[in-house]
Amino acid sequence: MLADALEHLVRGIVGHPDDVRVTSKASRRGALLEVRVHPEDLGRVIGRSGRTAKALRTVVGALAGDQQVRVDLVDVDRR
């Protein structure tokens, strides 16, 4: 559910919505949501001074409730 919500939000921001991929991984510190976007869209997702990325993390954190969630932003070229 969190991955779907995050993917929906990111697709609305980027210029290449077909390249958006959100994967969920379990770790010791909680869930890790990894967002992969087209290299041209990485700046849009991060935003000025990281404002957009921080807002996305805030929304996902609110949706997660008491669950620990981390959000990482990655361009599609980085594996």
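Helices (H or I, at least four residues) and strands (E, at least two) are here DSSP runs, numbered from the N terminus. On that basis, Glu-7 and Arg-11 both belong to helix H1 (residues 2–13), where four residues, about one turn of the helix, separate them.

The model is predicted: local features need pLDDT of at least 70, side-chain atom pairs count only at pLDDT 80 or more, and totals for chains, interfaces and linings use all residues. Residues are numbered from 1 along each chain as its sequence is written, and side-chain values use heavy atoms, with hydrogens and water left out.

## Overall architecture

The chain has three helices and three strands, and from the N terminus on these elements run α-β-β-α-α-β. The radius of gyration of the chain is 12 Å, close to the 12 Å that the globule rule gives for 79 residues, so the chain is as compact as a globular protein of that length. This radius is taken over C-alpha atoms, and the globule rule is 2.2 Å times the number of residues to the power 0.38. Along the principal axes, the C-alpha atoms fill a box of roughly 35 × 25 × 20 Å.

Of the 79 residues in the chain, 32% are buried; buried means under 20% relative accessible area, exposed over 50%, and partly exposed in between (1.4 Å probe, protein chains only). The chain exposes about 5300 Å², of which carbon and sulfur atoms supply 48%. Accessible areas come from the Shrake-Rupley method with a 1.4 Å probe, and for residues only the protein chains shown count as cover.

Among contacts in the chain with a separation of 6 or more, 61% are between residues 24 or more positions apart; contact means heavy atoms within 4.5 Å.

## Charges and salt bridges

The chain carries 14 positive and 11 negative charges, and their mean positions are 7 Å apart. Lys and Arg count as positive and Asp and Glu as negative, while His and the chain ends are not counted. The place of a charge is taken as NZ of Lys, CZ of Arg, CG of Asp or CD of Glu.

A search of the whole structure finds four salt bridges, a salt bridge being a side-chain nitrogen of Lys or Arg within 4 Å of a carboxyl oxygen of Asp or Glu. The table includes three of these pairs, with the N to O distance for each.

| Residue pair | N to O distance |
|---|---|
| Glu-7 and Arg-11 | 2.7 Å |
| Arg-36 and Glu-34 | 3.1 Å |
| Asp-72 and Arg-70 | 3.0 Å |

In the pair of Asp-72 and Arg-70, Asp-72 is partly exposed at 24% relative accessibility, and Arg-70 is partly exposed at 35%. Salt bridges that share partners also join Lys-25, Glu-34 and Arg-36 into one network. Both Arg-36 and Glu-34 are buried. In helix H1, Arg-11 is partly exposed, with a relative accessible area of 30%.

## Individual residues

Val-20 is placed in the loop between H1 and strand S1 (21–27). With a relative accessibility of 0%, Val-20 counts as buried. Not counting residues up to four places away in sequence, Val-20 touches Glu-7, Val-10, Arg-11, Val-14, Arg-36 and Val-37. Its C-alpha atom is separated by 9.3 Å from that of His-8, and the two residues are 12 residues apart along the chain.

Asp-41 lies in the loop between strand S2 (30–37) and helix H2 (42–46). Asp-41 is buried yet has no salt bridge, and the nearest side chain of opposite charge, Arg-44, is 4.1 Å away. Leaving aside neighbours within four places in sequence, Asp-41 is in contact with Val-14, Gly-15 and His-16.

Val-69 belongs to strand S3 (residues 69–75) and is partly exposed, with a relative accessible area of 22%. Val-69 and Leu-32 are 37 residues apart in sequence, yet 5.9 Å apart in space, C-alpha to C-alpha. Leaving aside neighbours within four places in sequence, the contacts of Val-69 are with Leu-2, Ala-31, Leu-33, Val-60 and Ala-64.

Ser-49 is found in the loop between H2 and helix H3 (51–64). Most residues other than glycine have a negative phi. Ser-49, although not a glycine, has a positive phi of about 55°. Ser-49 is exposed, with a relative accessible area of 77%.
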